[in-house]
Amino acid sequence: MFELETDQDLRRFVGNHASALRRSTRRHSEWAADEIEACVWDRMRGHRCGLAICPRCARDTRLRLLNWAESAPHSEAALVTSYLKSVAFGDLCGADLERLKRNFRQQLVRGGVGMKALGGIETAWEAATSSWLIHAHHIALDLQPEDRSRLKDVAKSLSRPRAIKVQPIKEGELDYTATYCLKLGLMVSSRSNAKSRRNFRIRMPSAPATELAEFLAGHGPDDFLFPIGFRRRGASIELA
Ligand SMILES: [Zn+2]
C-alpha cells in the first residue's frame, strides 16, 4: 500500500504547524499549538486532539479517504477539481465549510450530475492577489460519460473560467491521488511530481501559513472531507 506520512514526518510537520500557530494573535492558537504537540508526541497517553492542524489526526482522515479509494471497485476513475470560492487574506477563518459543500452539491443536483465521489476541501494561496482559492478535489471512481458532460455544463454556469477540471486517473495512481485530494498541511503541494509518487511540497510564506493554521485549528479534519452522493448514517457518512 502507498505509504502516508511516517511518524517521523509527523514530528517534522508538527514543529512547523505549532510555530505557525504561535505567531498567531488568536487566543485559541496557543492552546491549539500545545494540543497538537501533545498529540503527536503522545504526551497524554493516547489522547487525541482531533484538530485538522494536527498532522497525526489529519493522517487518520487522509487514511480514510485512501482506504476508500483502494477498496472500492472502480472502472473509470477520475480526479475532479472544482473551484468553490475566493476569500481575501484575513477572511479565511470566516469561511463556512458546510455551506460551501451544500452549495456545491446543490449546483451538481441542479446540473443533473449523479456522480458518487469522495474528496476534500483545500485552500490554495494566491500570492498575486493575496487571496485564498477554496477548492475541492474529488475522486469519482466510476464517472459516467453523461456526468462528465454535465460537469462541463455546471462549470460553464460558474463565475470563474475552468471552474471544474476533470482528469483521468491512470492505473497505479489512485493511491497517491487520494492523498493529494486532502492534504491538511501548511505546505503548497503540487501533483506534478508523479514519478516519485510523492506529492511535491514547498513552504508557504509565514503570514498566510499562520492564517491557514488558524483556520485548520478551528476545525476537525473530517470537516474537510467532502463526500458527494454517499448515504448518511446519523451524523456520520457511510463510506463503505
Ligand atoms: Zn491530534
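This text walks through a pair of helices, a further helix and one loop residue in a predicted model.

We can begin with helix H1, which covers residues 7-22, and helix H3, which covers residues 55-71; their axes come within 9 Å and cross at roughly 120°. Because of that crossing angle, H1 counts as oblique to H3. On the side of H1 the contact is made by Leu10, Phe13, Val14 and His17, while H3 contributes Pro55, Arg56 and Arg59. Sorted by class, the residues of this contact between H1 and H3 are four nonpolar, one polar and two charged.

Helix H1 appears again when we turn to helix H7, since the buried residues of H7 pack against H1, helix H2 (27-40) and strand S2 (117-126). Helix H7 itself spans residues 206-217, and its 12 residues reach 16 Å from the first C-alpha to the last, which is close to the 16 Å expected at 1.5 Å a residue. Nine of these 12 residues are buried, and therefore H7 is largely enclosed by the rest of the structure; among the buried ones are Pro208, Leu212 and Leu216.

Beyond H7 the chain runs into a loop that leads to strand S7 (225-228), and phenylalanine 224 is located in this loop. Phenylalanine 224 counts as buried because it has 25 C-beta neighbours inside 10 Å, where 20 or more are needed. Leaving aside residues up to four places away in sequence, phenylalanine 224 touches Ala52, Leu97, Gly120, Ile121, Leu182, Leu184 and His219. Valine 154, by contrast, lies 70 residues from phenylalanine 224 along the chain, and the C-alpha atoms of the two are separated by 22 Å.

Conventions:
Residues numbered from 1 in each chain as written. Predicted model: local features only at pLDDT ≥ 70, side-chain atom pairs only at ≥ 80, totals over all residues. Axes fitted to C-alpha atoms, helices over the stretch in contact; angles between N-to-C directions. Helix = DSSP H or I, 4+ residues; strand = E, 2+ residues; numbered from the N terminus. Parallel < 35°, antiparallel > 145°, perpendicular 65-115°, else oblique. Contact = placed C-beta atoms within 7 Å. Nonpolar A, V, L, I, M, F, W, Y, C, P; charged D, E, K, R; others polar. Expected span 1.5 Å × (residues − 1).
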